[in-house]
Amino acid sequence: AYLGFLFLLTMVITREFGEFLNTAFMPETPIQVFNLTLILLATYAVYHGIEVICRINQWVFPLMPTNFLFIVFAALPVAKLTNLLPVMSEGLYPVLRGSLSPSAFRGEVFLVMFLVPYAQKKEKTNFYGAVAVILLGIILALDVLIHVIVLGSDLSTNLTFPTFILG
């Protein structure tokens, strides 16, 4: 079951990567080009070991929060807090129903368990894992909040890549 989940998750992530690049940047390019590129890069990184993946993360990771904060602060002048109203106008059920699909992808966190045997300080892995999940939840909540405040709930619901549109 675990390998099946890993295989399915790999397919979904590869497809999402290809869809994003195909839709946002190069609509004339076949999606297979992007998917094959990602698979080849991932294969290269895995072949050369965990250290290569960690070194790439050390370089790429600081760019992510920097870009996110830039998008947030750039979008604030056009934000309208009235887009948040009415709060739960149809009750709690639609909110809970809408949270089921994104929460299913929280299972990706379990893939980090592959790295636990390679950690030097195994006793701290639970703490750092919990901190990572909490920070990820906060960032995703802020992302959705910015979408709704700037674009409104109707428009942000219908956009495929609302954060890219904000950028």
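Axes are lines fitted to C-alpha atoms, for helices over the stretch in contact, and the angles between their N-to-C directions run from 0 to 180 degrees. The structure is a predicted model, in which local features need pLDDT of at least 70 and side-chain atom pairs count only at pLDDT 80 or more, while totals for chains, interfaces and linings use all residues. Residues are numbered from 1 along each chain as its sequence is written, and side-chain values use heavy atoms, with hydrogens and water left out.

**Exercise 1.** Describe how helix 1 packs against helix 2, and name the residues that meet.

*Solution.* Step one is to locate the helices, which are DSSP runs (H or I, at least four residues) numbered from the N terminus: helix 1 covers residues 2–24 and helix 2 covers residues 31–48. Step two is the geometry, where the two helices pack at an angle of about 130 degrees with their axes 8 Å apart. That makes helix 1 oblique to helix 2, because angles under 35 degrees count as roughly parallel, over 145 as roughly antiparallel, 65 to 115 as roughly perpendicular and the rest as oblique. Step three is the contact (heavy atoms within 4.5 Å), in which Thr14, Arg15, Phe17, Gly18, Glu19, Leu21 and Asn22 of helix 1 meet Ile31, Phe34, Asn35, Leu38 and Ile39 of helix 2.

**Exercise 2.** Is Thr14 buried or exposed, and which residues does Thr14 contact beyond its neighbours within four places in sequence?

*Solution.* Thr14 lies in helix 1, and with a relative accessibility of 10% this residue counts as buried, since buried means under 20% relative accessible area, exposed over 50%, and partly exposed in between (1.4 Å probe, protein chains only). Once neighbours within four places in sequence are set aside, Thr14 is in contact with Asn35, Leu38 and Ile39.

**Exercise 3.** Find the residues of the largest nonpolar core, and describe the packing of helix 4 and helix 6.

*Solution.* A nonpolar core is a set of buried Ala, Val, Leu, Ile, Met, Phe, Trp, Tyr and Cys residues joined through side-chain atoms within 4.5 Å. The largest one has seven residues, namely Phe68, Ile71, Val72, Ala75, Ile146, Val150 and Leu166. Two or more residues of this core are given by helix 4 (63–75) and by helix 6 (125–151), and the largest share, four residues, comes from helix 4. The axes of these two helices come within 11 Å and cross at roughly 25 degrees, and helix 4 and helix 6 are therefore roughly parallel to each other. At their contact, Phe68, Val72 and Ala75 in helix 4 meet Ile139, Leu142, Asp143, Ile146 and Val150 in helix 6.
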